[in-house]
Structure formats: structure tokens, C-alpha cells
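Work through the exercises below with the sequence and the 3D structure at hand. Each task is followed by a solution in steps.

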Amino acid sequence: VEDGSIRFDHVYFKYHDTAEAWNLEDVSFTVPSGATVGILGGTGSAKTTLVSMIPRLYDVNGGAVYVGGHNVKNYTMEALRSGCAMVLQKNVLFSGTILDNLRWGNENASEEECIRVAKLACADEFIERFPDKYNTWIEQGGSNVSGGQKQRLTIARALLRKPKVLILDDSTSAVDTATDAKIRKAFREEIPGTTKIIIAQRISSVQDADRILVLDNGQINGLGTHEELLKSNTIYQEVYNSQTQGSGDFDKQGGEQ
């Protein structure tokens with residue numbers, strides 16, 4: 001994969017050939033390499049389905065997806081998936097040390113590289129508090145680390161693969177807003193050449209993106225910057241208003257340190 005540019009060209013997709021409705025219907029947009037794109041939409045709006053087309057977890061029924069200027073179908077799966085790393089909301093850790101878990105992203109990575117990506121993902125701050133630090137043993141499934149810690153480890157692991165495209169599917173949902181902001185700042189400053197696609201429930205997680213895509217029922221409802229969408233997009237306005245009214249920091253109870 002040469003670079004992280006992405007283009008969706010009139011993409012249609014449904015999970016079952018017999019289904020009447022499309023899961024994605026006539027989706028077209030382009031993302032320049034290195035850009036940050038936020039994806040927002042209600043439950044069932046097909047956000048995960050959309051990003052799954054990039055590493056070919058599913059194949060389009062109509063239209064085409066291009067990464068680095070080439071149709072994704074023209075890559076080997078290995079080349080495409082080493083170029084496009086996807087971090088899910090619930091990711092798997094296995095029994096082994098933190099270093100073992102990180103090196104699942106790149107088995108030849110040095111300890112220095114592992115520490116560098118852990119710092120980028122804000123995982124270093126809690127790893128350093130463990131007595132055994134990077135040699136801390138993780139139980140099967142990661143039962144001895146919190147949800148937010150697990151998410152930061154899996155982001156670090158994805159970064160170790162040095163992907164051209166990094167897809168975060170609601171994968172900072174368990175970290176507090178301050179840590180979330182730190183991770184995004186690190187992305188901007190330390191991996192400017194990597195295209196970053198962020199699916200999020202919180203507008204604060206995407207408002208500083210280069211562009212934000214609003215999905216509704218498998219179709220693009222809006223595409224623009226935070227300011228543009230606040231002026232022009234009803235769905236975006238509604239989500240923004242519901243999240244900023246009242247307590248101010250609406251997810252105090254949702255995040256964890």
C-alpha cells in the first residue's frame with residue numbers, strides 16, 4: 001500500500017443477497033493520505049460496515065473502494081491488512097506479557113519501539129505503574145486490565161504495524177475525554193502521514209478531524225468540518241446539542257481512568 005489515500009466510488013453493499021434494503025447505498029467520498037476523518041451516526045447507521053470495506057472484511061456488491069490509488073481487490077489480503085490496521089471497540093488480548101501482546105502487531109519490534117507506540121496510545125502511563133512494567137503478565141482475555149487500558153494497548157499494538165491507514169472503531173469509548181484528546185494529539189503530531197479514521201459516539205472525539213462523515217441508514221447524510229456540519233446538518237446539530245447541554249462533561253460516568 002503506497003499511501004493512505006482512500007476513495008469510495010458509488011459503493012453498494014448488503015450482507016445478504018436476498019435482502020431488499022442495502023446496508024450501504026451509493027456511498028462516495030475521498031480521503032487524502034494523512035487526513036483524519038471522523039465517522040458519526042446512530043446505531044445501525046452502518047458505520048462499522050463502511051470501514052470494514054477498507055481492509056476487505058467484506059466485499060462491495062457494487063462500486064469500488066480504493067486505497068493508495070488501487071482497488072482493494074487488487075492487493076493481496078496480506079498487503080492490504082498490513083497496510084490497514086483496524087482497532088475494534090472490543091479487542092482481544094491474550095495471556096502473555098504486555099510486550100508479547102504489543103508484538104502481536106510486529107513480532108520483530110524492539111522494546112524501544114514498543115514503548116514509543118505505548119506512549120502514543122497513552123498506555124505507557126499505566127504500564128509504568130505496574131511493578132513489572134512492560135513484562136507485566138496479562139491474563140487470558142485481559143481480565144486484569146480495565147476496559148480503557150485494554151483499548152490503549154490494542155491501539156498501541158496497531159500502531160506497531162506502522163499502517164498507512166489506522167481505523168479506530170469506537171475504540172476510545174472506555175477512556176476518559178482527557179486521555180482521548182491526548183491520543184488524538186499524539187496521532188496528529190507523531191503519525192501525520194497515516195490516514196486516521198475514527199468512529200465515535202462522542203462529538204468531542206471527532207470535532208477536530210479534517211472532515212466528519214455523518215452516516216444515516218447506510219447513506220452519507222453530511223460530510224464536512226465540525227463548523228460546517230454545525231451550520232448545515234440536522235443530525236450533527238442534534239447529537240451536538242444533546243451532548244453539550246446540561247452537565248457540560250456529559251461522559252464523566254462513562255469514561256474510566
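The exercises concern a predicted model and deal with its sheets, aromatic pairs and charges over rings.

**Exercise 1.** Give the strand order of the open sheet of 4 strands and identify the strands at its edges.

Solution. The order is β2-β1-β4-β5, and the pairing is antiparallel. The edges are taken by β2 (24-31) and β5 (70-71); each has a single partner strand, so one side of each lacks a neighbour in the sheet. At the β5 edge, the antiparallel pairing with β4 (residues 62-67) rests on 2 bridges. There, Y66 stands opposite N71 in β5.

**Exercise 2.** Describe the open sheet of 6 strands and place helices α6 and α9 relative to its strands.

Solution. This sheet has mixed pairing and the order β6-β9-β10-β3-β11-β12. Its edge strands, β6 (84-87) and β12 (219-224), each pair on one side only. Neighbouring strands are turned by 15° against each other on average, direction ignored. Within the sheet, β3 (residues 36-41) and β11 (residues 211-216) run parallel and are joined by 5 bridges; G41 stands opposite L215 in β11. Helix α6 (residues 147-159) packs on the sheet and touches β6 and β9 (165-169), its direction making about 175° with that of β6. Helix α9 (residues 234-244) also packs on the sheet, touching β3, β11 and β12, with its direction at about 100° to that of β11.

**Exercise 3.** Classify the ring pairs Y12 with W22 and F13 with Y58.

Solution. The whole structure holds 7 aromatic pairs. For Y12 and W22, the ring centres are 5.1 Å apart and the planes stand at 65°; edge-to-face requires over 60 degrees, so this pair is edge-to-face. Y12 lies in strand β1 (residues 6-13) and W22 in the loop between β1 and β2, so the pair ties together parts 10 residues apart in sequence. Both are partly exposed: Y12 at 27% relative accessibility, W22 at 31%.

For F13 and Y58, the centres are 5.6 Å apart and the planes at 45°, so the pair is tilted. F13 belongs to strand β1 and Y58 to the loop between α1 (47-52) and β4, so parts 45 residues apart in sequence are tied together. F13 is buried at 4% relative accessible area, whereas Y58 is partly exposed at 36%. Together with Y15, these two residues form one aromatic cluster.

**Exercise 4.** Over which rings do the charged ends of R7 and K14 sit?

Solution. The charged end of R7 sits over the ring of Y66, 4.2 Å from its centre. That of K14 sits over the ring of W22, 4.6 Å from its centre.

Notes:
Residues numbered from 1 in each chain as written. Predicted model: local features only at pLDDT ≥ 70, side-chain atom pairs only at ≥ 80, totals over all residues. Heavy atoms only, no water. Pairing = 2+ DSSP bridges. Axes fitted to C-alpha atoms, helices over the stretch in contact; angles between N-to-C directions. Contact = heavy atoms within 4.5 Å. Phe/Tyr/Trp six-rings, centres within 6.5 Å; stacked < 30°, edge-to-face > 60°. Buried < 20%, exposed > 50% of the residue type's maximum accessible area, 1.4 Å probe, protein only. Lys NZ or Arg CZ within 6 Å of the ring centre and 35° of its normal.
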